[in-house]
Amino acid sequence: MYKSIGRNKNIRFYLIGGGISRLGDVLSGMAFLFLAYDLTGSAVHTTGMAIAETLPYLFFGLVGGVIADWLPRKRLLIVLDCLRIPLVFSVVVFYHFDVMSYMYLLVVSFLIQSIGCFFNPAHRAVLPQITKLEERTLVNSLNDTVSRGVTVLSPVISVWLLSYGVIYFFLLDALTYLISVICISNVHFTEQKQQVERSIKHVFLAIAEFFAWLKEQGTLKYLFLLTFVVVFFNTWVWEVGLLLALTDMTSKSKEVYSILQGAFGVTVIVTNLCVPFFIKKMNVKIYLVGAGIWGSGILYYGILYDIKHFFIGAVLVGIGLPISSLVRVYLIQSLVPEDKLGRAFSSNAVLLYLSNTISLAIFGLLAVTISIQKIMIGSGLLIIVVSLIGLLIFLIKSSKSSRSFSVNPPK
């Protein structure tokens, strides 16, 4: 199965280019934080750099989707990567001549992430144009596996680069974008030419048009709502709650947390590789099953609340999360017209960032008065309840549809 996909030149270069570009994103994200702290020695300034890496997606995420729908995607991707190369390399030059300032680093970081707002939806929207419908589950699985593999590999690369100096992160980052340009140049597909008016006003009209269209799409609307809710209950307990819990349990909390994330990453990779063998056609029901497994992992480590059980719970989350994620991507690719794919993926990304931000803010405040364990139990339980209610609604609707079909068969 995987061999036939590997022989497809377009898919091969798409996956390699996407993986390399993702590696550049992860390394640059760490590098900007490391260098900001080296320059200022301030936790506040380092936090400011982290904010500069996330704000662009809330500002430009939806606009990036419109541009990805308007412009030829291959050319757009190449131009965007070509813009990132001199931006990243300028940091190396400024550092070498000892004229680097925190403000310049902040601006470059903001610009790099802003470019990502346009690159990511365009790159996602290319995949349906180079695959057949029956190949998408497999290729989405491989794409997510490559991205997750890069995330698991990046800490190893970062430790190696740190032995030479933070500035080498930026040199490698520039090289990854150059390789991405070469890979994208070797991906060939036919693009539809669109005749649309292009202005700032029409950008917002295009966004409004997409949401008006989305309002009539029951399955997608339901999927986006489910995603927002599930991610909201997951983000804080996974990214912050586990680390804080480990801090109370062991003096080596960072090391244990890193190993935990590694175990989670490996589980996600294995799940991604196995899913295409068992699931051929994806739907909302499978999404809800995945979300239920995801929630059960959080509930498990919340109830038992012990380091070894954190690992078992992380494995359950590592099974459920990628199943839901693959279904979401597959349904967007299958149900959204080609001329709206960029806006669909950018809307999905903005939704995830918004859910993450609200989760961190609300649960961060709740953790002042409510124990971490109770928040974990409540979050896991609510994800399971939402999944079960969703499954019940799905089964009722399916039952009504089948009864209607049997009473009024097609002529």
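Select tyrosine 104 to begin, and you will find this residue in helix H5, which covers residues 102–130. Keep in mind on every stop that the structure on your screen is a predicted model. Is tyrosine 104 buried or exposed? The answer lies between the two, because its relative accessible area is 25%, and the residue therefore counts as partly exposed. If you leave aside the neighbours within four places in sequence, tyrosine 104 is in contact with Ser90 and Phe94. Draw a distance between the C-alpha atoms of tyrosine 104 and serine 90, and you should read 10 Å for two residues that are 14 residues apart along the chain.

Next, step back along the chain to aspartate 98, which sits in the loop between helix H4 (73–96) and helix H5. Its phi is positive, at about 60°, although aspartate 98 is not a glycine. With a relative accessible area of 70%, aspartate 98 is exposed, because exposed residues are those over 50%.

A second residue of this kind is tyrosine 305, so labelled here because it too has a positive phi without being a glycine, in this case near 45°. Select tyrosine 305 in the loop that links helix H11 (284–304) and helix H12 (307–335). Its relative accessible area is 21%, which makes tyrosine 305 partly exposed, since only values under 20% would count as buried.

Now move to threonine 145, within helix H6 (residues 136–162). Which backbone oxygen lies 2.7 Å from a polar atom of the side chain of threonine 145? It is the backbone oxygen of serine 141, so show both residues as sticks to see the pair. Threonine 145 is buried, with a relative accessible area of 11%. Not counting residues up to four places away in sequence, threonine 145 touches Ile269, Asn272 and Leu273.

Another threonine to select is threonine 227, whose place is in helix H9, made of residues 218–249. The side chain of threonine 227 reaches the backbone oxygen of leucine 223 at 2.9 Å. Threonine 227 has a relative accessible area of 1%, and it is therefore buried. When residues up to four places away in sequence are left out, threonine 227 touches Tyr287, Arg328, Leu351 and Leu352.

For a stop with a more open side, select serine 258 in helix H10 (residues 253–278). Serine 258 counts as partly exposed, at 49% relative accessibility. The C-alpha atoms of serine 258 and phenylalanine 110 are separated by 27 Å, and the two residues are 148 residues apart along the chain.

Finally, clear the selection and look at the whole protein, which holds 14 helices and zero strands. Its C-alpha trace spans about 80 × 55 × 45 Å along the principal axes. A compact globule of 411 residues would have a radius of gyration near 22 Å, and the protein agrees with this because its own value is 22 Å. Of the 411 residues, 49% count as buried. Among contacts between residues at least 6 apart in sequence, 85% join residues at least 24 apart.

Switch on the surface as a last view: the accessible surface comes to about 19600 Å², and 69% of this belongs to carbon and sulfur atoms. If you colour by charge, there are 32 positive and 20 negative charges, and their mean positions are 11 Å apart.

Definitions and conventions: Residues numbered from 1 in each chain as written. Heavy atoms only, no water. Helix = DSSP H or I, 4+ residues; strand = E, 2+ residues; numbered from the N terminus. Rg over C-alpha atoms; globule rule 2.2 N^0.38 Å. Buried < 20%, exposed > 50% of the residue type's maximum accessible area, 1.4 Å probe, protein only. Contact = heavy atoms within 4.5 Å. Areas by Shrake-Rupley, 256 points an atom, 1.4 Å probe, with all protein chains shown as cover. Lys, Arg positive; Asp, Glu negative; His and termini not counted. Charge placed at Lys NZ, Arg CZ, Asp CG, Glu CD. Polar contact = N/O pair within 3.5 Å; in protein donor to acceptor, adjacent residues only side chain to side chain.
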